[in-house]
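The following exchange examines how labels are assigned to parts of a protein model. Each reply sets a computed value against the rule that applies.

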Amino acid sequence: MTTAETRAGVLPDLADVPARDLRVAVLGVGMMGADHVARLYSRISGAQVVAVSDAFAEKAEQVAAAVPGCRVMGDPLAAIADDDVDAVLIATPGQFHEEQVLACIGRGKPVLCEKPLTMDADSALAVVRAEDEYTARTGRRLVQVGFMRRFDPEYAELKALIAGGGLGEPLLVHCAHRNAAVPPHFTSEMMVNDSVVHEVDVARFLLDEEIAAVTVLRPRATRHAVAGQSDPLLVLFETTGGRMVDVECFVSTGVGYEVRTEVVGEDGSAMIGLDLGLVRLAGGTPGATRSTGIAPDFRQRFGRAYDIELQRWVDAARRGEVDGPGAWDGYAAQAVCAAGVEALHSGRRTEVRMESR
Ligand code: ISE
């Protein structure tokens, strides 16, 4: 078949479809980054991890050694700039995200950045603006933020139910976010920024509107709380449309990873996160029991969501698109969390300070 025949429409024109795998650099190979390398290597099609970078060179070497063709690059900015890298996955500590995401935008490379997008709302807004400027020139977006719950089949189904009018107008959302345990340095501020931030994104995703105000209450703390911290917290979001979202965030339950979301609408309610896989009936003392398993942590609970998130990110990047939460969602999350931390300290209802889109 000649090029002329291809042009004449005998064959589809593949000029814009990259024939080769997306060559990905993974920056930061701690727990999350190493998981993503393994996922890209073993379960995701159309991508190849060609470089990893980490402040701990030994860890980077170990991870790279398990992936054929993967190099270790000491300098993450050099990895972003490398001509053999098409796209970047950022799983470094949050304080490095701003510089690394901006470098990706500067090089026109698609980037999936684990939350937080940056450490505060102003710098997140600067990323939004930098990407907008790139989009105005090229028509393409580059930035996706790692809010993986949007890809979880249960959340996707709940979103579709609401969007299809199946619950009527949604009025209330009840969220529970429970971790079995957290490390000793985990403060109440981190509960807002690292844990409640997911409920911020879930509320915005499900209700399709921004959060206007946040109140944080501190009930009596569990004796298992990190010393001096308020655990659990009760957080209330008010949305721009007058809906309310309550979040119980309890990070030292000693039980397992429990994330539940219930949406109450005018015409019914729906709940996800019940962990109702296998139901086991067992005899015993003092009596028979009925039980199901509980995921030990978020990597198990959201394993499928991470797989779908990465596959869709790779597929979209190869088409020159973004197919997930973007820089604006990262900015909105930072703005709401900033109000949340302020509310935690003051005990007062705090309005979210955010630019309009
Ligand atoms: C952690 O940082 C996460 O992102 C998890 O998804 C969350 O559930 C956990 O509470 C955080 O510590």
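Q: In this predicted model, why do Cys-249 and Cys-337 not form a disulfide?
A: A disulfide requires two cysteine sulfur atoms within 2.5 Å. The sulfur of Cys-249 has its closest cysteine sulfur in Cys-337, 11 Å away, and is therefore too far for a bond. Seen from Cys-337, the closest cysteine sulfur is that of Cys-249, again at 11 Å. By this rule the model holds zero disulfides.

Q: What makes Cys-249 count as buried or exposed?
A: The term buried applies under 20% relative accessible area. Cys-249 has a value of 0%, so this residue is buried. Cys-337, with 2%, is therefore buried by the same rule.

Q: How do you know which residues are around the ligand?
A: A residue is counted if one of its heavy atoms lies within 4 Å of the molecule. The residues around the ligand are Lys-115, Met-148, His-177, Asn-179, Phe-186, Asp-194, Ser-195, His-198, Tyr-257 and Phe-298. The shell divides into four nonpolar, four polar and two charged residues. Helix α8, residues 188-207, supplies the largest share of the shell, three residues.

Q: What makes the approach of His-177 to the ligand a polar contact?
A: The cut-off for a pair of N or O atoms is 3.5 Å. A polar side-chain atom of His-177 lies 2.8 Å from an oxygen atom of the ligand, so the pair is within the limit. His-198 places a polar side-chain atom 2.9 Å from a ligand oxygen atom, and for Tyr-257 the distance is 2.5 Å. Of the 300 Å² that the ligand exposes when taken alone, the protein buries 86%.

Q: Why is the phi of Asp-208 worth noting?
A: Most residues other than glycine have a negative phi. Asp-208 is not a glycine, yet its phi is positive, about 60 degrees. This residue lies in the loop between α8 and β8. The label exposed needs over 50% relative accessible area; Asp-208 has 64% relative accessibility and therefore counts as exposed.

Q: Why is Asp-275 called partly exposed?
A: Partly exposed covers values between the buried limit of 20% and the exposed limit of 50%. Asp-275 has a relative accessible area of 22%, so it is partly exposed. Asp-275 also has a positive phi, about 50 degrees, although it is not a glycine. Its place is the loop between β12 (268-272) and β13.

Q: What makes the peptide bond from Asp-231 to Pro-232 notable?
A: Most peptide bonds are trans. The bond from Asp-231 to Pro-232 is cis, with omega near 10 degrees, and Pro-232 sits in the loop between β8 (211-217) and β9 (233-239). The bond from Thr-285 to Pro-286 is also cis, with omega near 10 degrees. Pro-286 is found in the loop between β13 (280-282) and β14 (289-291).

Q: How do you know which residues the annotated domains cover?
A: The ranges come from an unreviewed UniProt entry, which gives residues 22-135 for "domain: Gfo/Idh/MocA-like oxidoreductase N-terminal". The annotation "domain: Gfo/Idh/MocA-like oxidoreductase C-terminal" covers residues 159-349 in UniProt. Such annotations may be inferred rather than shown by experiment. In the model, residues 22-135 are 46% helix and 19% strand, while residues 159-349 are 35% helix and 26% strand.

Notes:
Residues numbered from 1 in each chain as written. Predicted model: local features only at pLDDT ≥ 70, side-chain atom pairs only at ≥ 80, totals over all residues. Heavy atoms only, no water. Helix = DSSP H or I, 4+ residues; strand = E, 2+ residues; numbered from the N terminus. Polar contact = N/O pair within 3.5 Å; in protein donor to acceptor, adjacent residues only side chain to side chain. Areas by Shrake-Rupley, 256 points an atom, 1.4 Å probe, with all protein chains shown as cover. Nonpolar A, V, L, I, M, F, W, Y, C, P; charged D, E, K, R; others polar. Buried < 20%, exposed > 50% of the residue type's maximum accessible area, 1.4 Å probe, protein only.
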